[in-house]
Amino acid sequence: MPLLTALALSVGILGGIATWLFVGPLAGLGLQIWAAFIAWGAYYHSGGKEGSLKTNIPAHIWGAILGWIALYGISLLAGSLGVPLAAGISVAVTVIVLIMGANAPLLAQIPSAVYGFASVAAYALLAGKMATLTSASLVDNPLINIIVSMIVGALFGWLSEKIAGALVAKPAGVAA
């Protein structure tokens, strides 16, 4: 079967399974399917293979941590500086650190770090989780929730690539 067809089938079917798991049997964990799909896409945009796991997962975690620090900084500074200035300062400082982290090869996947940062911010702000930034709960803490969701998404990316590779037609005379 052609590669594009194999990818369509493996990503589509696994995407359906992941969605069912996140909103069905695993719904009580509060994992975010959209964050998993962001990491899944990052896996492929980084070239796939195990190398993508080795660069994307640490970068997602790095970005998520810095996004959480930015939110925490906003919550600490907002009372004295106001939200707009507190947000501007917190984001500026943490994004500088995020980019400088790319000097370490493990954190060099800057787009994936930004995805982690943005996902934590999105979940915290849109789901009303600012008050639970320091919770130890997977469901309530945006940092923990997004990191787990993105790791699962990256692993689904890896699995979908493996399945697609197994489905691709081999030329005649080539051993599987």
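How many salt bridges does this structure hold? The count comes to 3, where a salt bridge is a side-chain nitrogen of Lys or Arg within 4 Å of a carboxyl oxygen of Asp or Glu.

Before going on, a word on the source. This is a predicted model, in which local features need pLDDT of at least 70 and side-chain atom pairs count only at pLDDT 80 or more, while totals for chains, interfaces and linings use all residues. Residues are numbered from 1 along each chain as its sequence is written, and side-chain values use heavy atoms, with hydrogens and water left out.

## Salt bridges

Here are the three pairs, with their N to O distances.

| Acidic residue | Basic residue | N to O distance |
|---|---|---|
| Glu161 | Lys49 | 3.4 Å |
| Glu50 | Lys162 | 3.2 Å |
| Asp140 | Lys129 | 3.3 Å |

Lys49 sits in helix H3 and Glu161 in helix H6, so their bridge ties together parts that are 112 residues apart in sequence. Helices (H or I, at least four residues) and strands (E, at least two) are DSSP runs, numbered from the N terminus. Glu50 in helix H3 and Lys162 in helix H6 likewise tie together parts 112 residues apart in sequence. Asp140 and Lys129 both lie in the loop between H5 and H6, so that pair links parts 11 residues apart.

How open are these side chains? Here buried means under 20% relative accessible area, exposed over 50%, and partly exposed in between (1.4 Å probe, protein chains only). Glu161 is buried at 14%, whereas its partner Lys49 is partly exposed at 49%. Glu50 is partly exposed at 33%, and Lys162 is also partly exposed, at 40%. In the loop pair, Lys129 is buried at 14%, while Asp140 is partly exposed at 28%.

## Aromatic pairs

Now to the rings. The whole structure contains 4 aromatic pairs. Rings of Phe, Tyr and Trp (its six-membered ring) pair if their centres lie within 6.5 Å; planes under 30 degrees apart count as stacked, over 60 as edge-to-face and the rest as tilted. One of the pairs, Phe37 with Trp40, is stacked, at 5.4 Å centre to centre and 15 degrees between the planes. These two are 3 residues apart in helix H2 (residues 33-45), so about one helical turn separates them. Trp40 is buried at 4% relative accessibility, but Phe37 is partly exposed at 36%. Tyr43 and Tyr44 have ring centres 5.3 Å apart and planes at 90 degrees, so they are edge-to-face. Tyr43 is buried at 1%, and Tyr44 is partly exposed at 26%. Phe37 and Trp40 also join Phe156 in one aromatic cluster.

## Nonpolar cores

A nonpolar core is a set of buried Ala, Val, Leu, Ile, Met, Phe, Trp, Tyr and Cys residues joined through side-chain atoms within 4.5 Å. The largest has 18 residues, and Leu71, Val120 and Ile146 have the most contacts inside it. H2, helix H3 (49-81), helix H5 (110-126) and helix H6 (142-167) each supply at least two residues of this core. H3 gives the largest share of the core, 6 residues. Apart from this core lies another, of 8 residues, including Leu14, Ala18, Ile33 and Phe156.

What does Ile146 touch, neighbours within four places in sequence aside? Ile146 is in contact (heavy atoms within 4.5 Å) with Gln32, Trp34, Ala35, Gly116, Ser119, Val120 and Tyr123.
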